[in-house]
Amino acid sequence: MSGPKIAGVKGMNDLLPPQIETWQFIEGIARSLFGRYGFAEIRTPIVEHTELFVRSVGEVTDIVGKEMYTFNDKGDRSITMRPEGTAPAARAYIEHGVANTEPLTRWFYTGPMFRYERMQTGRYRQFYQLGAEAYGSLDAAQDVEVISLCAEFFKQVGVPDVVLHLNSLGDASTRPAYLEALKAHFAPLVEVMSADAKLAFERNTMRLLDSKEEALQAAIKTAPAIIDFLDEGSKKHFDDVQRLLTKLGIGFELDRRLVRGLDYYTRTTFEFIYQPKSGESSLGRAGTVCGGGRYDRLVHELGGPEKPAVGFAMGLDRLVMLLDSLKSVPRSAPTLFVGTFDGPERDDAIALVMALRNEGFHVDFDPRGGKLNKQKERASKVNAAWFAAYGDAEHKARTLKIDNMRLAKDAPREQLDVSFDALRAWLNGASKGSS
Ligand code: HAM
């Protein structure tokens, strides 16, 4: 008797074939492109001490206040499943004294992140990020390098219509005057605010700008924008960023409202948002496929040296959804499917399949054997390009009769005789046109 079924945890997805190929396609492009940009891969643990995120992402943020998977381990330490990758990377950067051995460090990472969020299209509780962080440069060239990396990445994976939104949050000398203006703006609404919003008003007023509360929406639209309060240094830096982006031909939209939901940002902030020219985005409100910015104080605030930094993270689940809706990632398929018979030459047929695979060809067969037409059905199910039956006659003639499996419905049969000696050369040619 079979037992009751157990479902996966809500908001956490299984990634299965054939869709996994879209993931691998994206990861493959990331590895080669990020490498050429000088970014090396790091892998940090899934869990960190809770305090790391409280001190970096910020206590009065949605992520830390509401969304973290936090538990006490058996030693009664508070542990959190990482909701993002910037703080863990900074922790590792400090812990390994990386700044002592190299003045400039560029890292990338990919892996699962965890946020207990309300679910909707493109928003999950376990999701995957591909992120990059560059430590050691204050120069606008560093901001533009990471933005350029994103833009080129979207181009190479084939996602059209992503628009770069750009803003600057200034630095420590920008903040006091801005926060004062912001507080004055929201003060008349304190009476109607929820407890959460009141807390934000008191302790982290900028967070009100991404509040979803109905009563605040009108005031959010008319709130003062930090970009109007930039100090000279931040203004010059932001001008440099824009000039260099223009030089590189990377289009952007200035977005005065872009403040991002994490506390560590200074100066440049940016997002890439999917905005199809025609019609609605299939991602709805989850159209932000990448978010990032500069964070010049974080490394020092986490106990490390004074090291400015800038980085981003892309939401891979969202990218995969987009690519799958565009059907632009080719699926792999066998070049040749070998049909076998229940006779003494079956072992030779199987040995040939394995040998060809081991030599680098994508060749398949049905290990269940059985009727040849069933095997042919299997070949077409796995989208094999060519099919050859290997029986007594083929074994003796040392030649396969190879059928084209990808003909139009009413096209005449296309069958080729390929001798065992010529098989490798033929497969080499055929595999170029078939996968
Ligand atoms: P973030 O904006 O919180 O930034 O996340 C970056 C991206 O991760 C988002 O733009 C989105 O595509 C994806 N994402 C976030 N939450 C979810 C979710 N629940 N489901 C699916 N995708 C999601 C950061 O995490 C910063 N650490 C980025 C950064 C790196 N800034 C500097 N360096």
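The side chains of T174 and D231 are joined by a polar contact of 2.3 Å. That pair opens this briefing on a predicted model. A ligand is bound here, with 26 residues around it. The largest nonpolar core has 47 residues, and a second, separate core has 44.

**T174 and its surroundings**

- T174 sits in the loop between strand 7 (162-168) and helix 7 (175-186).
- T174 is buried, because its relative accessible area is 1% and the limit for buried is under 20%.
- Beyond neighbours within four places in sequence, T174 is in contact with L169, I226, F229, L230, D231 and S234.
- D231 thus appears twice for T174: as a contact and as the partner in the 2.3 Å side-chain pair.
- L230, another contact of T174, is included in the second core of 44 residues.

**H165 in strand 7**

- H165 is found in strand 7.
- H165 counts as buried, at 9% relative accessibility.
- The H165 side chain has a polar contact of 2.8 Å with the side chain of D255.
- The side chain of Q275 also makes a polar contact with that of H165, at 2.7 Å.
- With neighbours up to four places away set aside, H165 is in contact with E253, D255, L258, T269, F270, E271, I273 and Q275.

**The ligand site**

- Which residues are closest to the ligand? They are E84, T86, E117, E133 and Y265.
- An N or O atom in the E133 side chain is 2.8 Å from a nitrogen atom of the ligand.
- Y264 places a polar side-chain atom 2.9 Å from a ligand nitrogen atom.
- G315 contributes through its backbone: an N or O atom there lies 3.3 Å from an oxygen atom of the ligand.
- On its own, the ligand has 650 Å² of accessible area, and the protein covers 96% of it.
- Strand 6 (126-135), strand 10 (288-294) and strand 11 (309-315) are the elements that give two or more residues to the shell.
- Strand 10 gives the largest share of that shell, six residues.
- By type, the shell holds ten nonpolar, nine polar and seven charged residues.

**A313 in strand 11**

- A313 lies in strand 11, one of the elements that give two or more residues to the ligand shell.
- Is A313 buried or exposed? A313 is buried, with a relative accessible area of 13%.
- Leaving out neighbours within four places in sequence, A313 contacts Y109, Q129, L130, G131, V289, C290 and G291.
- Among these contacts, V289 and C290 are included in the second core.
- A313 and D210 are 103 residues apart along the chain, and their C-alpha atoms are separated by 19 Å.

**Nonpolar cores**

- Within the largest core of 47 residues, W107, Y135, F186, M193 and L208 touch the most other members.
- Helix 4 (residues 86-95) gives this core its largest share, five residues.
- W107 touches F39, A40, I42, A89, A92, Y93, V98, G131, A132, E133 and Y135, with residues up to four places away not counted.
- E133 links two topics: it touches W107, and its side chain is 2.8 Å from a ligand nitrogen atom.
- The second, separate core has 44 residues, including L230, V289, C290 and V329.

**Backbone features**

- The P17 to P18 peptide bond is cis, with omega near 0 degrees.
- P18 has its place in the segment before helix 1 (20-36).
- R267 is a residue other than glycine with a positive phi, near 55 degrees.
- R267 sits in the loop between strand 8 (253-254) and strand 9 (268-274).
- R267 is buried, at 12% relative accessible area.
- R398 also has a positive phi, near 50 degrees, and is a residue other than glycine.
- The loop that holds R398 runs between helix 15 (392-397) and strand 15 (399-404).
- R398 is partly exposed, because its relative accessible area is 46% and partly exposed lies between 20% and 50%.

Key
Residues numbered from 1 in each chain as written. Predicted model: local features only at pLDDT ≥ 70, side-chain atom pairs only at ≥ 80, totals over all residues. Heavy atoms only, no water. Near = heavy atom within 4 Å. Polar contact = N/O pair within 3.5 Å; in protein donor to acceptor, adjacent residues only side chain to side chain. Areas by Shrake-Rupley, 256 points an atom, 1.4 Å probe, with all protein chains shown as cover. Helix = DSSP H or I, 4+ residues; strand = E, 2+ residues; numbered from the N terminus. Nonpolar A, V, L, I, M, F, W, Y, C, P; charged D, E, K, R; others polar. Core = buried A, V, L, I, M, F, W, Y, C linked by side-chain atoms within 4.5 Å. Buried < 20%, exposed > 50% of the residue type's maximum accessible area, 1.4 Å probe, protein only. Contact = heavy atoms within 4.5 Å.
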